[in-house]
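Please look over the sequence and the 3D structure shown below before reading on. The briefing is meant for a reader who has not met this structure before.

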Amino acid sequence: MRRFSTWITAAGALGLAALGCSSSKAPGSEGPGFEISVAPLDLPLMSDACYELTVYNATGAPFDASEAVWTQPSLCASQYGANGGIRFTGICDAQAGTNSIRLVLNDVYQGGTFETGTALTVGEDYINPCPPAAAGEDNGCVLEAACNPNEDTKIEFNLTVMRNAELGFFDTVVRFQDVFCAAKLDCVENDG
C-alpha cells in the first residue's frame, strides 16, 4: 500500500509539473513559430484586455483570407497574461519567408475580467491604437517578421492606449536630458 501511494504522489507531481510548463499555443503549433507578446498596458481602471491575433503568410495589407496561417479571435489577458498584456505562441509559414502578424485590440474592461467586468467605450473612455476592421478598412497593428525553420521568433507589440481627458488636456512626461537651452549674448559699447 505504501508503494502505491508513493507512486500516485510521484505521478501527481509529474502531472502538475507538466501543466506548469505548458504554454498557450495556437492549434497545430508544430514546427517554426512566433512567440508573440503584447506588453502590459498602462491604462487607469483597466482590469482586462482582449485581442485578436492573426498570422499571414504574406506581407503588405490588405490581406486575403486565404493568406491566413491561423487566427485566434479572442485572447484575453486574464487567460493568457496579466495587466492587459498577453503571451501566445503559434506557427508561421517558413516557405513564405516573411510573415505578417496582425494584432487587434477588441475590448478593454474595468472592474473584472471579460466575463465579469464592464467594457470601456472606445472613443469615449479610451483611444484604440489597433482597432478592428470597419467599413472596408484593414485595421489593426501589423508587424512583419521572418519565419525561420526549426526555431521560434520573438514578436513584441508595445501599445500606448490613451484615456480621453475630461478637462481637455492631458499630462505628459518630458525627460530633461533630452531638452537643452541655448542663448546668445551680444555686447554693445556705451557709445552705441
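What follows is a short account of how the strands pair. The model is a predicted one, and the account begins with an open sheet of 4 strands before turning to the pairings made by strand S6.

**The open sheet**

- In this sheet the 4 strands are arranged in the order S4-S5-S1-S10, and their pairing is mixed.
- At the edges lie strand S4, which covers residues 81–82, and strand S10, which covers residues 152–157, and each of these pairs on one side only.
- Strand S1, made of residues 33–38, pairs with S10 in the parallel sense, and 6 bridges connect the two.
- Within the S1 and S10 pairing, Ile36 has Ile155 of S10 as its bridge partner.

**The pairings of strand S6**

- Strand S6 spans residues 98–110 and runs antiparallel to strand S2, residues 48–56, with 9 bridges joining them.
- S6 also pairs in the antiparallel sense with strand S9, residues 141–146, over 6 bridges.
- A further antiparallel pairing links S6 to strand S7, residues 118–119, through 2 bridges.

**Residues that stand opposite each other**

- Ser100 in S6 is the residue opposite Tyr56, and Ser100 also stands opposite Glu144 in S9.
- Gln110 has Thr118 of S7 as its bridge partner.

**Background for reading the pairings**

- Strands of a sheet, whether parallel or antiparallel, are paired through hydrogen bonds of the backbone.

Terms used. Residues are numbered from 1 along each chain as its sequence is written. This is a predicted model: local features need pLDDT of at least 70, side-chain atom pairs count only at pLDDT 80 or more; totals for chains, interfaces and linings use all residues. Side-chain values use heavy atoms; hydrogens and water are left out. Two strands pair if DSSP finds at least two bridges between them.
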